[in-house]
Structures are given as structure tokens and as C-alpha cells.
Amino acid sequence: MKDASETLESLLKEKRSFSPPKLFSAAAHVPDLKSYQALHTKALKNPDAFWAEQAKALHWFHPWEKTLVWDAPNAKWFTKGKLNVSYNCLDRHLKTQPHKTAILWEGEPGEVRKLSYQDLYTEVATFAACLQTLGLKKADRVILYMPMIPELAIAMLACSRIGLIHSVIFGGFSAQAIRDRVEDSKAKLIITADGGYRRGKIVELKRNVDQAIQNTSSVEHVIVYQRTKHEIPFHPKKDFWWHELTAKNKNLADALPLDSEDPLFILYTSGTTGKPKGILHTTAGYLLQAHVSTKWVFDLKDDDIYWCTADIGWITGHTYIVYGPLSNGATTLMYEGAPNHPHPGRFWEIIDRHKVSIFYTSPTALRAFIQWGEKIPHEYALSTLRLLGTVGEPINPETWMWYYSVIGKEKCPIVDTWWQTETGSIMISPLPGATPLKPGSATLPLPGIDAEVVDGKGNPVPPNTGGFLVIRNPWPSMLRTIYNDHDRYSEHYWKKFPGMYWTGDEARRDEEGYFWILGRADDVIKVSGHRLGTSEIESSVVSHPSVAECAVVGIPHKIKGECIVAFATLKQGHVPSPEMAQTLINHVAKEIGTIARPEEIRLVPRLPKTRSGKIMRRLLRKIAAKEEIVGDTTTLEDPSIIEELSKSMA
Ligand code: WTA
């Protein structure tokens, strides 16, 4: 983490403000700041009544009894209600708009597929029936390790249709990461593809799966979608081809009436220990907030072409490519590949080709576009855009201004949306027709969300003072637990500030109550917006036989937001060398995936420790970022180490 005071200073200079365009407000679901405030105040006064009112937007097979049973930190929303996520995303749109495009897909090599709501329903119900014939039962776990193709969404919706719990693994993760998740979830089935395309190359998905499950026992079958048609190992007893299974099947599976609190999915994410956390979301609360937040924040209209560029392997893709847009009956665009393949204007070309009106991306992507030059987006009309969004990391005001002027032509509001895997849906964000924007601020909490910035004792801090970001009331799409580790759930999120949810972020509010997110307060690093834990990377470095000890820190990076620098000591008999450092870098990339590849590994004689033996990462961060070392270093076991380490970075 940067020193809060430094970030504070740079952000405090930001005085620009942009009101919503009049025409935009006139047509918006929430048309002005007053309406937002009225909604928010009403929601905080009586949250149960508020959420009960919102829940009418969903289709229920059976009404719920109690809106919320809250036995902190355990929440049950919409008790005894029965509903189905896939029914809400598909079946209920069949009468009103069967021919509307649900998924508009573009592959990296350039193919385009359009699936109407009718098509998508048929695909999902067919595939769900196939899953039933394989003997899968409600609450079984299914891992999805797939490219960004419609079949990934189809598989998710098929699972939710019959009560299977899906766990999507980002296609950029490698075999070890899959193995950890298989072992934790005890998944019975993996759905994958022969491969996927990324920058013109094939990603070996099926081979990674085979390697991952070599010595695991839970996985009974692997379903393989044929995407690249290249040669892969195929084990006739264990493996099935997707196209063969579906061709044989003649049934359409009904959407099962599931309980509000039946688990919908597990999504593994990095925390502060080496073990990834299985964040568990359940049916009704998650779907409700995915649904209403999509409607409010993206101000969806019937003819919008909506594009979220995230990968479905992360929470943003779950909520804002699949469940939010489809439950609203929207057209959601999905793109398989990289933003600069085969040329750096690919995103802008897609926007023009498909007449995209809402575009939701990450600050990292924007920083890369800035570096590639304004000339590139200027070659495209971008005239269909009406709303822009960002997510995943703080957006610095200059990047925001570039987005606003070069991409949005100063006519599109920007929604800077703050949220987390754990929150399930957007928590702090402008409502585009209502909220005046300030570049770099996620602005105000959504209706019903009681966000606050507090000091170490849990008391709200005065305006413009940095502190810890907390949520003071439960909300429907909150995580329910960490899979297999409920104690860790209570401990990690609810103990630091009793009765409040601790986000792990630092923030400040300005005199108008606007939130400015400063970054993580814990050992989570955001590399290109992807969430990685320092200790996961440390474990991976240390798993190399020549390494004795390792400490990993995140430092600012021009494009990626943050990048990884590792400090490691070697075991006796191993000699530090640039080749050794490179070997270790490759080792991490192979173990976890290239997103976790350290920018640099410094081989040092020893690590800075306190007298009680704790590694002082704060110092390492400063040294790696070549910043001046201020603050208390008296707890260091041996202060001379600072000079020794600084030299190693020269
Ligand atoms: C960070 C991503 C600043 C934050 C949806 C949070 C942001 C973490 C923003 C969660 C934003 C997300 N401004 N920081 N608009 N959105 N973050 O679980 O540190 O991958 O705690 O969820 O991303 O990351 P996650």
C-alpha cells in the first residue's frame, strides 16, 4: 500500500466536476441527485422494506417469508423463497422478446455469433439435461475452465438451472491453480475446451486440466468444448465432447425451484494468506442485486448494446456480462481475445462494428490505450457510445479525463464502480443520470448501501481524512461464507470492526460525502486489476528448491497499476545470478499463471526483519519503489540492512 497521505495529497488537488448531460438525465431510471438521495435515505431507514420492494423485479416460484434474518455475521435473505436464476435470465424473456439478441459474441479470429434469448434458452436447457444424464445432483460442484465463448455463459446458466454450484477459473491460470481449486471444492465435473485464442496463440486449456487432475480423486468427468480443433489428449472413459453429448440429447431441463439461500457459485479469490478463498454467493440475494445494480448503474434501455470487457473468470464477468445483463433482458457483448490483436484498435473497431452503446472496462486497459496513442481511437467513430464505466482499481484523474474526452467525446458520463468479489455487485458508483462526477472518485453508495470511512476504532473520520472503508449493514448480494472455512469468513471480514464488514480498502470521503478509494490496506496486490495475494506468490517462489525465504510487495506501475517485486534469499550452496532470478520468475509464471509473473526478483543475502522475526514488507515496498524511507525503523533487528538492500536495487 502507498502511504495514504501521499495519495491523499495528489487526489485532493482534483476539483473538476461534471454534471450529467440533460438529455441523459431526462431518460434515466434515476433522473437527478434529489431522487437518488430520497431513494438512499428511504432505503437506509427501512432496508427490509426497500429490498422487499426491489425483489418484486424477480420472478419467484414461491414468495419469501422474511426479507432478512440477520444473526451477524450470518445473513439469510428472502427466507423460504423459491426461484431460479436461469429462469430469471432466460425463460421469463421468452414471451416478451424471444428474438432479441441475448449474447453477441466476437471471437479473437473474427467470427461473430448472435444468440437470441430463444437460442440461449434452448442451449442452456439442453446442456443442463446433459449434465443431469451424467448423474450430477443439486449442490455438486462444477469447475468451468473455458475461453471467453458463449458456451461459458451457457454452462454457468445450465448449472444454475439445476442447482449445481459452478466455480469458474480464469483461463489464464495454470494447472497448479486449478488443482488447488479442485481440491478445495471437491468438484465432480470440469467443463473446459480444447483450447482458446489469446493474441493469435492457442491456450492449452485441456492439457492444463489433465495435468491439474492427475493426482486428484473427486473429478469424475471432463466435458470438452471444441473451439480450436487442435490435437489434444482425450480419455474416452473420463472425457466427453460437448458436441457429442448435446447432439445425443433430446431433452430440455426445467428450471428447478431453488431456495433463496441455495448456493449459486463459488469464486476463488486472493486474500492475505497463501490459500485462495472460495467466496460463496447464493441465489436470491446475488441475483437481485446483480439485477438492480445493472439497471441503475448502466441505466439500461431496451436498444442498448452493452459491452463489459472483463473476463468471466473474475467477478465482474459473472455479474456484469452474464447475470446482471441477462436478468434485465439486455444484449450483452462478449469478446474472446486481447485488446491489441491483431491491432491496437480492436476494441474501438468492435464498438463501431456492433454499435456498442455502453462500454465497461478497467483502468489498466485505459492506461494501455493511452500509451498506444490517441491517434488509434481517433480513427474510429465511437458515435454509438452513450455511457462509459470502469472497475477494478483506482482510476487516476488524468486517465479519467482521457476516457471522458477521447473515447466519450465529452458526452458520455463515466461510472467509476467500486465493489469486490465479496460484495457480489457494485456498491459505490455514480448513477449516470443523477450524480455529478468527479474524476477519480467512485462518488456515492448505491441505494441501500451504508458505506463509511472509519478510524482504527470503527468511528467515522472527518471529511478528507484517510481511513478504512467499511459497510455497516448487510446487503443481499454479500458473500455468505468462505467455502469450507466459515471461521475465516467471520474472522477476516467481521472481527476488525465489530458489526461492520471490513473491505480491506482505505478511502476518504470529501466534504460532499464522495468516496475516494485509496487502495488496499492489506497484502492484496492489484496487477492489471487482477487480484493477487502476496503470500500466494511468496509460497510459489519458496516452492522452488533453491529458495530459502521470500517476501513479495506491490509497487506502482505506469500501465498495470501495480506490479510485483519479490525479494528472495537462497539456500546454502546456491549462488545468486541473473539466470537464477529469471528461473524463479518463470517458475511463478508456470505455477500460478503469467499474470502473477514478478516484474523483478531480487536475490538478497537476507530480508529485513523485526526483532520478533516479522518481515518488514513496508520497508521492502519503499526500497523496491526507490522511495525515501521515512517512519519508524527502530524495530528492525539490524538497521544496516536498509543500505544493503538499497544497493541491491541500484
Ligand atoms: C479494488 C473487482 C478503486 C479495491 C470488482 C477492491 C477498486 C478490489 C474499484 C476488489 C474502483 C475495485 N476504484 N478500487 N472503482 N473497484 N477496486 O475482488 O481495492 O477483484 O477491494 O473485485 O478492487 O477486487 P475484486
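**Entry 1: cavities**

A cavity is a set of points on a 1 Å grid over the protein atoms alone where a 1.4 Å probe fits but cannot get out, and its lining residues have an atom within 4 Å of a point. Volume is the space filled by probe spheres set on the points, which are joined across faces, edges and corners. I worked on a predicted model, in which local features need pLDDT of at least 70 and side-chain atom pairs pLDDT 80 or more, while totals for chains, interfaces and linings use all residues. Residues are numbered from 1 along each chain as its sequence is written, and side-chain values use heavy atoms, without hydrogens and water.

I looked for enclosed space and found four cavities of 30 Å³ or more. The largest cavity has a volume of about 50 Å³. I listed its lining as Ser 167, Val 168, Ile 169, Phe 170, Phe 173, Arg 181, Leu 267, Tyr 268, Gly 313 and Trp 314. To place these residues I used the DSSP runs, numbered from the N terminus (helices: H or I, at least four residues; strands: E, at least two). β7 and β14 (263-269) each give at least two residues to the lining of the largest cavity.

I then turned to the second largest cavity, which holds about 40 Å³. Around it I found Lys 277, Gln 420, Glu 422, His 492, Tyr 493, Tyr 501, Trp 502, Thr 503, Gly 504, Arg 520 and Arg 531. Two or more residues of this lining come from each of α17 (486-494) and β24 (501-509). β24 gives the largest share, four residues.

**Entry 2: aromatic pairs**

I counted ring pairs next: Phe, Tyr and Trp (its six-membered ring) pair if their centres lie within 6.5 Å, and planes under 30 degrees apart are stacked, over 60 edge-to-face, the rest tilted. The total is 41 aromatic pairs. One of them is Trp 64 with Phe 78, an edge-to-face pair with 5.0 Å from centre to centre and 80 degrees between the planes. I placed Trp 64 in the loop between α4 (47-54) and β1 (68-71), and Phe 78 in the loop between β2 (74-77) and β3 (82-83), so this pair links distant parts of the chain, 14 residues apart. For accessibility I took under 20% relative accessible area as buried, over 50% as exposed and in between as partly exposed (1.4 Å probe, protein chains only). Phe 78 is buried, because its relative accessibility is 0%.

How are the rings of Phe 170 and Trp 314 set to each other? Their planes stand at 45 degrees and their centres are 5.0 Å apart, so I entered the pair as tilted. Phe 170 lies in the loop between β7 (165-168) and α8 (175-185), and Trp 314 in the loop between β16 (305-308) and α12 (315-327), so the pair ties together parts 144 residues apart in sequence. Phe 170 is buried at 12% relative accessible area, and Trp 314 is buried at 15%. I had already met both residues in the lining of the largest cavity.

I also noted a cluster in which ring pairs link Trp 307, Tyr 335, Phe 347, Trp 348, Phe 359, Phe 369 and Trp 372.

**Entry 3: backbone**

I checked the peptide bonds before two prolines. Ala 72 and Pro 73 are joined by a cis bond, with omega about 0 degrees. Pro 73 sits in the loop between β1 and β2. The bond from His 341 to Pro 342 is also cis, with omega near 0 degrees. I found Pro 342 in the loop between β17 (331-335) and α13 (346-354).

Which residue other than glycine has a positive phi near 55 degrees? I found this at Lys 355, in the loop between α13 and β18 (358-361). Lys 355 counts as exposed because its relative accessible area is 54%. Ser 528, not a glycine either, has a positive phi of about 50 degrees. I placed Ser 528 in the loop between β26 (524-527) and β27 (530-533), and it is partly exposed at 22% relative accessible area.

**Entry 4: Lys 95**

Is Lys 95 buried or exposed? I entered Lys 95 as exposed, because its relative accessibility is 81%. Lys 95 is in the loop between α5 (85-94) and β4 (101-106). From Lys 95 to Gln 118 I noted 9.5 Å in space, C-alpha to C-alpha, with their positions 23 residues apart in sequence.

Notes:
On a 1 Å grid over the protein atoms alone, a cavity is a set of points where a 1.4 Å probe fits but cannot get out, and a pocket is an open set with protein on both sides within 12 Å along at least five of seven lines; lining residues have an atom within 4 Å of a point.
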